[in-house]
Amino acid sequence: MPMLDDDEYKRVTSLFNAGSQGNVNERIFGPAILEYQRITGTRETNPLVIYHHVLSMYGSPWVNCGKPLRTPRAKLCGSCLHPVR
C-alpha cells in the first residue's frame with residue numbers, strides 16, 4: 001500500500017476540484033489522482049483511498065510482526081494482537 005508523507009498529502013489534496021475537463025468526478029478528483037500516481041507509481045481508481053494513505057495517521061511498524069500500528073498511540077497491534085510496549 002503506497003503511503004504519502006504529510007507534504008505529499010497536502011500536495012495531492014490541494015488538487016481536489018482543480019480539474020477543468022471531463023465529468024464531475026474527473027473535474028473534482030482527476031488531477032489529485034494523477035499526482036498520487038506520479039508520487040507513488042500506483043494507479044488508483046478510488047480517490048477516497050487518498051484520505052487513508054497518509055503515514056502520519058499510522059504508527060511505526062511493530063517490531064513483532066512488521067505491520068504498521070493502526071495509530072501512533074496504539075497499545076495493541078491490530079495485526080498480531082501483541083501489546084505494544
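**Figure 1. The length of helix 2 in this predicted model.** Because each residue of a helix is expected to add 1.5 Å, the 17 residues of helix 2 should span 24 Å, and the C-alpha atoms at its two ends do lie 24 Å apart, in agreement with that expectation. Along the way, helix 2 has a kink of about 50° at G30, shortly before the proline P31.

**Figure 2. The two ends of helix 2.** At the N-terminal end, helix 2 is capped by N23, which has a side-chain oxygen 3.0 Å from the backbone nitrogen of N25. At the other end, helix 2 is followed by G41, a residue with a positive phi, near 80°.

**Figure 3. The buried residues of helix 2 and the largest nonpolar core.** Helix 2 has F29, A32, I33, E35, Y36 and T40 as its buried residues, and the buried residues of this helix pack against helix 1, which runs over residues 6-13. The largest nonpolar core consists of 8 residues, namely L4, V12, F16, F29, A32, I33, Y36 and I50. Helix 2 gives the most to this core, contributing 4 residues.

**Figure 4. The surroundings of L4.** If neighbours within four places in sequence are left aside, L4 is in contact with Y9, V12, Y36, I39, T40, I50, H53, V54 and L55. Among these partners, V12, Y36 and I50 belong, together with L4 itself, to the largest nonpolar core.

**Figure 5. H53 and the residues around it.** H53 is found in the segment after helix 2, the helix that covers residues 24-40. H53 counts as buried because its relative accessible area is 12%, and the cut-off for a buried residue is under 20%. Apart from residues up to four places away in sequence, H53 touches M1, P2, M3, L4 and Y36. With P2 there is also a polar contact, in which the side chain of H53 reaches the backbone oxygen of P2 at 3.3 Å.

**Figure 6. The cysteines C65 and C77.** A disulfide is a covalent bond between the sulfur atoms of two cysteines, and in this model a pair of such atoms has to lie within 2.5 Å to be counted as one. By this rule the count comes to 0 disulfides. C65 is in no disulfide, and the nearest cysteine sulfur to its own, that of C77, is 3.6 Å away. C77 is likewise in no disulfide, with the sulfur of C65 as its nearest cysteine sulfur, 3.6 Å away. C65 is partly exposed, having a relative accessible area of 32%, whereas C77 counts as buried, at 1% relative accessibility.

Notes: Residues are numbered from 1 along each chain as its sequence is written. This is a predicted model: local features need pLDDT of at least 70, side-chain atom pairs count only at pLDDT 80 or more; totals for chains, interfaces and linings use all residues. Side-chain values use heavy atoms; hydrogens and water are left out. Buried means under 20% relative accessible area, exposed over 50%, partly exposed in between (1.4 Å probe, protein chains only). A polar contact is a pair of N or O atoms within 3.5 Å; within protein, one must be able to donate a hydrogen and the other to accept it, and residues adjacent in sequence count only if both atoms are side-chain atoms. Contact means heavy atoms within 4.5 Å. A nonpolar core is a set of buried Ala, Val, Leu, Ile, Met, Phe, Trp, Tyr and Cys residues joined through side-chain atoms within 4.5 Å. The expected span of a helix is 1.5 Å times one less than its number of residues. The bend at a residue is the angle between axes fitted to the seven residues ending there and the seven starting there.
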